[in-house]
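Walk through this structure with me, from its pockets to its cores and charged pairs. Keep the 3D view open as you read.

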Amino acid sequence: MSLAVLASGTGSILDAMVRADLPVALVVSDRLCPAVRCAVGHDVEALVVQRESFGADFDRVGYSAVLADRLAEHAVTMVAMAGFGTILGQPFHDRFAGRVLNTHPALLPAFPGWHAVRDALTAGVGVTGCTVHLATLEVDAGPILAQEEVLVWPDDDEASLHERIKVVERRLYVDTLRSILAGEILLESVFEGAKS
Ligand code: GRF
């Protein structure tokens, strides 16, 4: 497996993956961010495919095609999104169908979208968590590979709750990738099974 990690944030999940000796061949970001510095710090090749726009004129399809090309140039066989800030379109999912993973800071299908932690707090749930899943064109809706609950504390704010969720994500994502590497999770079956 030659794994590319897509990250746009602090990169703490990326850091956990590298420290766990997962075969991270490449880190890709859509902006200069701490995740890129994390990659460089670990001597992992880092690529910034800068977004030209974060507005309504953003060419999502064009960007997704360029990103897919760049990953193909690096002979990437699997993609793990870990806090990537761009929703990828059809050309990317066509190229890497069934081989794109994501982690989401809620128990999907509850609280999809960018503000999952905030939305869980607003809803007043006592339990939330995180989900590792196959990413498909429909955002946060791909087949679920692993989930774990995290209790919401009465005095939690978005930052405190998100940090406790991320502690779990770092372990759960690494464990899930290890299970894929070991052949204990067969992505092809999961992907095909979800279609039928
Ligand atoms: C994680 O909570 C992930 O689920 C979300 O962004 C966060 C990334 O955290 N999409 P980090 O940048 O790895 O610290």
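Start at the largest pocket, where 36 residues form the lining. Gly83, Phe84, Thr103, Pro105 and Trp114 lie nearest the centre of this pocket. Keep in mind that this is a predicted model. The volume of the largest pocket is about 780 Å³.

Which elements give two or more residues to that lining? They are helix H1 (12-19), strand S5 (100-104), helix H5 (116-123) and H6. H6 gives the most, with four residues. By character, the lining of the largest pocket divides into 14 nonpolar, 17 polar and five charged residues.

Now turn to the second largest pocket. The space in it comes to about 180 Å³. Its lining includes Met78, Ala97, Gly98 and Arg99. Further along the chain, the lining also includes Ile180, Gly183, Ile185, Leu186, Leu187, Glu188, Phe191 and Glu192. Helix H7 (residues 187-195) supplies the largest share of this lining, four residues. Here the division is seven nonpolar, two polar and three charged.

Next comes the packing. The largest nonpolar core has 41 residues. Within this core, Val5, Leu14, Met17, Val24, Leu101, Tyr173 and Leu187 touch the most other members. Helix H6 (residues 158-181) contributes the largest share of the core, eight residues. H6 is thus a link between two parts of this tour: it also gives the most to the lining of the largest pocket. Leu187 belongs to both the largest core and the lining of the second largest pocket.

Take Leu14 as a close-up. Which residues does Leu14 contact, leaving aside neighbours within four places in sequence? They are Val5, Val24, Val27, Ala35, Cys38 and Ala39. Val5 and Val24 are themselves among the core members that touch the most others. Another core lies apart from this one. That core has 20 residues, including Val49, Tyr63, Val100 and Ala135.

A second close-up is His133, in strand S6 (residues 127-134). Is His133 buried or exposed? His133 counts as buried because its relative accessibility is 1%, and the cut-off for buried is under 20%. His133 and Leu101 are 32 residues apart in sequence, yet their C-alpha atoms are 5.7 Å apart in space. Not counting residues up to four places away in sequence, His133 touches Val100, Leu101, Asn102, His104 and Leu108, among others. Its contacts also include Asp140, Ala141, Gly142, Pro143, Ile144 and Leu145.

Finish with the charged pairs. How many salt bridges does the structure hold? There are eight. One of them joins the side chains of Asp69 and Arg95, at 2.5 Å from N to O. This pair links distant parts of the chain, 26 residues apart: Asp69 is in helix H3 (residues 60-73) and Arg95 is in helix H4 (residues 90-95). Asp69 counts as partly exposed, at 37% relative accessibility. Arg95 counts as partly exposed at 37% too.

Asp156 and Arg164 form another salt bridge, with the closest N and O atoms 2.7 Å apart. Why do both partners count as buried? Asp156 has 11% relative accessibility, so it counts as buried. Arg164 has 19%, so it counts as buried; the limit is under 20%. A further salt bridge pairs Arg170 with Glu163, the closest N and O atoms being 3.0 Å apart. Glu163 counts as partly exposed, at 37% relative accessibility.

Terms used. Residues numbered from 1 in each chain as written. Predicted model: local features only at pLDDT ≥ 70, side-chain atom pairs only at ≥ 80, totals over all residues. Heavy atoms only, no water. Core = buried A, V, L, I, M, F, W, Y, C linked by side-chain atoms within 4.5 Å. Buried < 20%, exposed > 50% of the residue type's maximum accessible area, 1.4 Å probe, protein only. Contact = heavy atoms within 4.5 Å. 1 Å grid on protein atoms, 1.4 Å probe; cavity = no way out; pocket = protein on both sides within 12 Å on 5 of 7 lines; lining within 4 Å. Points joined across faces, edges and corners; volume = space filled by probe spheres on them. Nonpolar A, V, L, I, M, F, W, Y, C, P; charged D, E, K, R; others polar. Salt bridge = Lys/Arg side-chain N within 4 Å of Asp/Glu carboxyl O.
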